[in-house]
Amino acid sequence: MAIALISKHKAHESKYLRKSVGNALRDISKKHAELIRQEVEQWDLSNPRIMFTYKLAAKLLK
């Protein structure tokens, strides 16, 4: 549930908020990598704002 609540701000106009979203999701991925992987696979990476957040969130995913 937390992942969904945080992720809904992935394309927010505020770079500060998108950075916070990416960092929070990256922290969650340390213990729940598969849940984060499933979430980011659904994102539209053609949107530059979402791609910015994705790069932060998926940093630890392999």
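This is a walk through the structure above, from the overall fold down to a few individual residues. Keep in mind as you look that the model is predicted.

Start with the big picture. The protein has four helices and zero strands, so reading along the sequence you simply get α-α-α-α. How compact is the protein? Its radius of gyration comes out at 10 Å, close to the 11 Å that the globule rule gives for 62 residues, so the chain is as compact as a globular protein of that length. If you line things up along the principal axes, the C-alpha atoms fill a box of roughly 30 × 20 × 20 Å. Take the contacts between residues at least 6 apart in sequence, and 60% of them join residues at least 24 apart. As for the surface, the protein exposes about 4,300 Å², with carbon and sulfur atoms supplying 55% of that. Buried residues account for 31% of the 62 residues.

Now for the inside. In soluble globular proteins, nonpolar side chains tend to be buried together. Here, the largest nonpolar core is made of 10 residues: I3, V21, L25, I36, V40, W43, I50, A57, A58 and L61. Helices α2 (15-29), α3 (33-40) and α4 each put at least two residues into this core. Core member L61 is a good one to click on: leaving aside its neighbours within four places in sequence, L61 is in contact with S29, A33, I36, R37 and V40.

Two of those partners, I36 and V40, take us to α3. Together with E39, they are buried in that helix. Those three cover an arc of only 90 degrees around the axis, which puts them on the same side of α3. What sits over them? The cover for the buried residues of α3 includes α1, α2 and α4.

Polar side chains get tucked away too, and S7 is one to look at. You'll find S7 in helix α1 (residues 2-7). S7 counts as buried because its relative accessibility is 2%, under the 20% cut-off. A polar atom of the S7 side chain lies 2.8 Å from the backbone oxygen of I3, and I3 is itself part of the core. Not counting residues up to four places away in sequence, S7 touches L25, E39 and W43.

T53 makes a nice companion case, this time in helix α4 (residues 48-57). Is T53 buried or exposed? Its relative accessibility is 0%, so T53 counts as buried. The T53 side chain reaches the backbone oxygen of R49 at 3.2 Å. Beyond the residues up to four places away in sequence, T53 touches K10, R18, V21, G22 and W43. W43 is also on the contact list of S7, and both V21 and W43 belong to the nonpolar core.

To finish, step back out to the surface and find K30, in the loop between α2 and α3. K30 has a relative accessible area of 58% and is therefore exposed, the cut-off for that being over 50%. Where does the chain come back towards this loop residue? Look at L60: K30 and L60 are 30 residues apart in sequence, but 7.3 Å apart in space, C-alpha to C-alpha.

Key
Residues numbered from 1 in each chain as written. Predicted model: local features only at pLDDT ≥ 70, side-chain atom pairs only at ≥ 80, totals over all residues. Heavy atoms only, no water. Buried < 20%, exposed > 50% of the residue type's maximum accessible area, 1.4 Å probe, protein only. Polar contact = N/O pair within 3.5 Å; in protein donor to acceptor, adjacent residues only side chain to side chain. Contact = heavy atoms within 4.5 Å. Core = buried A, V, L, I, M, F, W, Y, C linked by side-chain atoms within 4.5 Å. Rg over C-alpha atoms; globule rule 2.2 N^0.38 Å. Areas by Shrake-Rupley, 256 points an atom, 1.4 Å probe, with all protein chains shown as cover. Arc of directions from axis to C-beta.
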